[in-house]
Amino acid sequence: MARPLAHPRNRRLRALAVPLGLALTATTGFLGTLPDAAGAAPQDSGPLLSYVVNTAPGHATVDKVEQAIVRAGGKVITAHERIGVIVAHSANPRFAATLRTVAGVQSAGATRTAPLKQSGTTDFGKPQRLTAAQLAAAERTAKAKGEEPLEPLQWDIRAIKADRAAKVNPGSPKVTVAVIDTGVDDTHPDLKPNFSARQSANCVGGVPDTSPGAWRPYDPVGDAHGTHVAGTIAAARNGIGVTGVAPGVKVSAIKVSEPKTSFFYAESVVCAFVFAADHGVQVTNNSYYVDPWMFNCKDDADQAAIIDAVGRAAKYAQDKGVVNVAAAGNANSDLGADKLTDASSPNDSTPVSRALSPKTCWDVPTQLPGTVTVAATGSHGLKSGYSNYGLGQIDVAAPGGDAKQVPELPAKNGNVLSTIPGGDWAFYAGTSMASPHVAGVAALLKSTHPKASPQEIQWLLKEQADNPGCPAGDATCTGTPQVNSHFGYGIVNALKAVK
C-alpha cells in the first residue's frame, strides 16, 4: 500500500503514498511459498532466496544461462527472454557470485536479504472512514449540485479541475490504467463498471496468474491500498460514492504485494511491467518502491541487479507505448541533494544506517528513466509535509492529502477520499494518493491524443501543469516559478488535458 509517511519512512516510505492509514510497506512472504532450489549441495545450504539474473535478450543466451543456474544450485522460476531477465530461487549462498562469472550474464543479485517470513506493515496514522454526519452532509450538497453522492468531500478532484474535465471528456474506455499494487476489489460498485479483468493478474513471485479474482487483495483490510488508488483513477460516475479523475477509462489490477507482509519484490514488479505491456495497457500507476531497499545503489551487485531488472521491464513497457507514473515517496527528503541518510533498509531483515547519494542510489521504479515522478500537495496547494521533493527529480505534483491543510468542505478533512474493499470509502494521505491523480490525467491525455507516445504524454503533463511557485520563506523550495523542487513543472490540470 502506501509507503510510510513523512519521516515515518520506517519502511518502504518511498513511492507508496502514506495512505493516511496505509503505508504499505513491502512484503516478504513465507519461506514455504517458495519451491525448493534444485541441485544445491548440503554443505552449501543457506537461506532460500529469490534472485534476478540479467542477460542479453534472446532464447539462445537465456537457455545457456538457465542451464548454469541449475548447475549453481538454483531453480528457474520464469524467464523474460525479450528483456533478458530470469527469476530464480536458490539456497546456495554463493549463487549470485557464481552466476556473475557465467558468460552472457550481465548482472545478478538477490531480491531480498532474508528468507521469506511474516512481517507487519508500517502505517502512517489510520484510514479514516466516513462518519454518518459526513455522509449526510455530502449527500445533501451533492444532490443540490447534481454530483456523485460523496463528491463534495473530494477537494482533490476540484483542485485539478477533474470535475470540469468530466463534462468535456470523461476518458475513453479504450484506455486502461493498470494499478500495480496490493490488488483491487473489482466487486466494489464504484469500480466494477470500469474494471478490465482481461488486463489483470496476480504477479506475486514473478509468474502471472490470470485466474478469476487472482488480482484481488489477500486481506481486504490490510491490503486496501490498491483499491483506494484505483478509485482515484477511475471510479465511475454512476450515482454511487465517489468519482475518479478519469471516470470513463478502464482500470486493471496487477497484484505484486506478497501475502501477509505486502513486500514488493523485483521479480513481481518485473512481471507486472511486462504483463501490462503485453496486454495493451496505456498507463501504469506505481505507488510503492521495490523492497527491500528504499534506494538501490549501483555499486552494490545485488542492488545493481534490481535496478537492471526492473529498469529493463519498465523500458519494455515504455517502448510498447505505456506511460509509467510513480510516487516520489513520503520521507520529506530532497531527492536532488548530494547526500541522504537511509536508516530503514533492508526492511526485510536488519536495517542499517547508510549515507548515500540519490544520484547513484535510486528509488525504484520512481527514479528510473522515463518514469513520471509525482510529489504530493495538500488542499491549500502547498507541498504535503511528508512528500519527497527535489529540483530535477520531481516531474509534476498532484493532491496527496495533508492533515494540516484542511479544505472548506463538508468533511473538513485534508486527506484523499476514495474506494476501499467491501464497497466502502475512506480518507488516506500520501504520495501514493498523488500518483493516481497523475495517472488519471495521463489517461485523459491518452484519450484525447490516442496516438501520442509516452514521451509526448509526459511532455503534455508538464506543459499543461499549473505551478504555484515556491512559498515565501521556504528554503527547501528551489528553482524558478516554472520549474522547482516542490512541484516540478506544476500541479497537473485535468481540464487542459481534454481540451
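Guide: Strands here are DSSP runs of at least two residues, class E, numbered from the N terminus. Keep that in hand. The model is predicted.

Visitor: Between which strands does Gly370 lie?

Guide: Gly370 sits in the loop that joins strand S14 (361–362) to strand S15 (372–377).

Visitor: Is Gly370 buried, partly exposed or exposed?

Guide: Use the cut-offs. Under 20% relative accessible area is buried, over 50% is exposed, and the range in between is partly exposed. Gly370 has 43%, so it is partly exposed.

Visitor: Which residues does Gly370 touch, leaving aside neighbours within four places in sequence?

Guide: Gly370 contacts Gln318, Asn324 and Gln458. Val325 makes a useful distance check. Gly370 and Val325 are 45 residues apart in sequence, and their C-alpha atoms are 9.1 Å apart.

Visitor: Take Gln318 next. Where is Gln318 found, and what does it contact?

Guide: Gln318 belongs to helix H8. With 12% relative accessibility, Gln318 counts as buried. Leaving aside neighbours within four places, its contacts are Asn324, Pro369, Gly370, Thr371 and Pro454. Val283 lies 35 residues from Gln318 along the chain, and 9.3 Å separates their C-alpha atoms.

Visitor: H8 must be placed against other elements. How is a pair of packed helices described?

Guide: By two values: the angle between the axes and the distance between the axes. Helix H7 (residues 266–278) packs with helix H8 (residues 301–319) at about 10°, and their axes are 8 Å apart. Angles under 35 degrees count as roughly parallel. H7 and H8 are therefore roughly parallel to each other.

Visitor: Which residues make that contact?

Guide: From H7 come Ala266, Val269, Val270, Phe273, Val274, Ala277 and Asp278. From H8 come Ile306, Ala309, Val310, Ala313, Ala314, Tyr316 and Ala317. By class, the H7–H8 contact has 13 nonpolar residues, no polar ones and one charged.

Visitor: Now the sheet. How do strands of a sheet pair?

Guide: Through backbone hydrogen bonds, either parallel or antiparallel. Here seven strands form an open sheet, with parallel pairing. The order is S7-S8-S6-S9-S11-S15-S16.

Visitor: Which strands stand at the edges?

Guide: Strand S7 (201–202) and strand S16 (396–399). Each has a single partner strand, so one side of each has no neighbour in the sheet.

Visitor: Show me one pair. How many bridges join S9 and S11?

Guide: Strand S9 (residues 283–286) pairs with strand S11 (residues 323–327) over four bridges, in the parallel sense. As one case, Asn286 has Ala326 of S11 as its bridge partner.

Visitor: On to the record. Where does UniProt place the feature "active site"?

Guide: The unreviewed UniProt entry puts "active site" at Asp181, His225 and Ser432. These three span 252 residues in sequence, yet no two of their C-alpha atoms are more than 10.2 Å apart, so they gather at one spot.

Visitor: Which helices hold His225 and Ser432?

Guide: His225 is in helix H6 (residues 225–234). Ser432 is in helix H9 (residues 431–448). His225 is at 0% relative accessibility, so it counts as buried. Ser432 is also at 0% and counts as buried.

Visitor: What does His437 touch, not counting residues up to four places away in sequence?

Guide: His437 is in helix H9. At 0% relative accessibility, His437 counts as buried. His437 touches Asp156, Ile160, Thr232, Val245, Ala398, Pro399 and Val416.

Terms used:
Residues are numbered from 1 along each chain as its sequence is written. This is a predicted model: local features need pLDDT of at least 70, side-chain atom pairs count only at pLDDT 80 or more; totals for chains, interfaces and linings use all residues. Side-chain values use heavy atoms; hydrogens and water are left out. Axes are lines fitted to C-alpha atoms, for helices over the stretch in contact, and angles run from 0 to 180 degrees between N-to-C directions. Angles under 35 degrees count as roughly parallel, over 145 as roughly antiparallel, 65 to 115 as roughly perpendicular and the rest as oblique. Contact means heavy atoms within 4.5 Å. Ala, Val, Leu, Ile, Met, Phe, Trp, Tyr, Cys and Pro count as nonpolar, Asp, Glu, Lys and Arg as charged, and the others, Gly among them, as polar. UniProt positions are given in the numbering used here, feature names are shortened, and annotations may be inferred rather than shown by experiment. Buried means under 20% relative accessible area, exposed over 50%, partly exposed in between (1.4 Å probe, protein chains only). Two strands pair if DSSP finds at least two bridges between them.
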